[in-house]
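Me: Could you take a close look at one part of this structure for me? I'd like to hear about its charged pairs and what lies around them.

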Amino acid sequence: MDELKSVRPGLTGTCLLYTSDAADDEYNVDFLPKLKIETAVTEELAEQVVEAIQRTAVTGKIGDGKIFVSSLDEVIRIRTGETGAQAL
């Protein structure tokens, strides 16, 4: 998370979820601890954030995870009514 903050000081709108997932290694099922990171950034920062996650999340073991990148049609901050990049 510290590396993500270095990409964008004050990185906001990031959610960390701790969970576990079943891994089947030849019929030996273990529940592996997982960390799910959800964040929304401007298109200009997306590549830097993806690279930071790739550098810090890799262990070389099963369960390192995946990165999904998708577009947001609109962002609205409920409290202030700000929209678009200002709402991030």
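Reply: Happy to; here is a walk through the salt bridges and their surroundings, with some background on the chain.

A word on confidence comes before anything else. This is a predicted model, and the mean pLDDT of the protein chain is 78, with 70% of the residues reaching 70 or more. Confidence is highest in helix α2 (residues 43–57), where the mean is 86, and lowest in helix α1 (residues 2–7), where the mean is 58.

As for the overall layout, the chain has 2 helices and 2 strands, and they follow the pattern α-β-β-α along the sequence. Of its 88 residues, 14% count as buried. The accessible surface comes to about 7100 Å², and carbon and sulfur atoms hold 52% of that. Among contacts with a separation of 6 or more, 36% join residues 24 or more positions apart.

Now to the charged pairs. Searching the whole structure turns up 2 salt bridges. One of them links the side chains of Lys36 and Glu38, with an N to O distance of 3.2 Å. Lys36 has a relative accessible area of 43%, so this residue is partly exposed. Glu38 is also given as partly exposed, because its value is 35%.

The sequence neighbours of this pair bring in a nonpolar feature. Leu35 and Ile37 join Tyr18 in a nonpolar surface patch, and the three together have about 330 Å² of accessible area. Tyr18 belongs to strand β1 (residues 15–25). With 67% relative accessibility, Tyr18 counts as exposed, because the cut-off for that class is over 50%.

The other salt bridge joins the side chains of Arg77 and Glu82, at 3.6 Å from N to O. Arg77 is partly exposed, since its relative accessible area is 27%. Glu82, at 29%, counts as partly exposed as well.

Glu82 leads on to Val75, which is found in the segment after α2. Leaving aside residues up to four places away in sequence, Val75 touches Glu82, Thr83, Gly84, Ala87 and Leu88. Glu82 therefore has two roles in this description, as the salt-bridge partner of Arg77 and as a contact of Val75, where contact means heavy atoms within 4.5 Å. Ala87, another residue that Val75 touches, sits 12 residues from Val75 in sequence, and their C-alpha atoms are 6.2 Å apart in space.

Terms used. Residues numbered from 1 in each chain as written. Predicted model: local features only at pLDDT ≥ 70, side-chain atom pairs only at ≥ 80, totals over all residues. Heavy atoms only, no water. Patch = residues over 30% accessible without salt bridge, like charges linked within 9 Å, V, L, I, M, F, W, Y side chains within 5 Å. Areas by Shrake-Rupley, 256 points an atom, 1.4 Å probe, with all protein chains shown as cover. Salt bridge = Lys/Arg side-chain N within 4 Å of Asp/Glu carboxyl O. Helix = DSSP H or I, 4+ residues; strand = E, 2+ residues; numbered from the N terminus. Buried < 20%, exposed > 50% of the residue type's maximum accessible area, 1.4 Å probe, protein only. pLDDT = per-residue confidence, 0-100.
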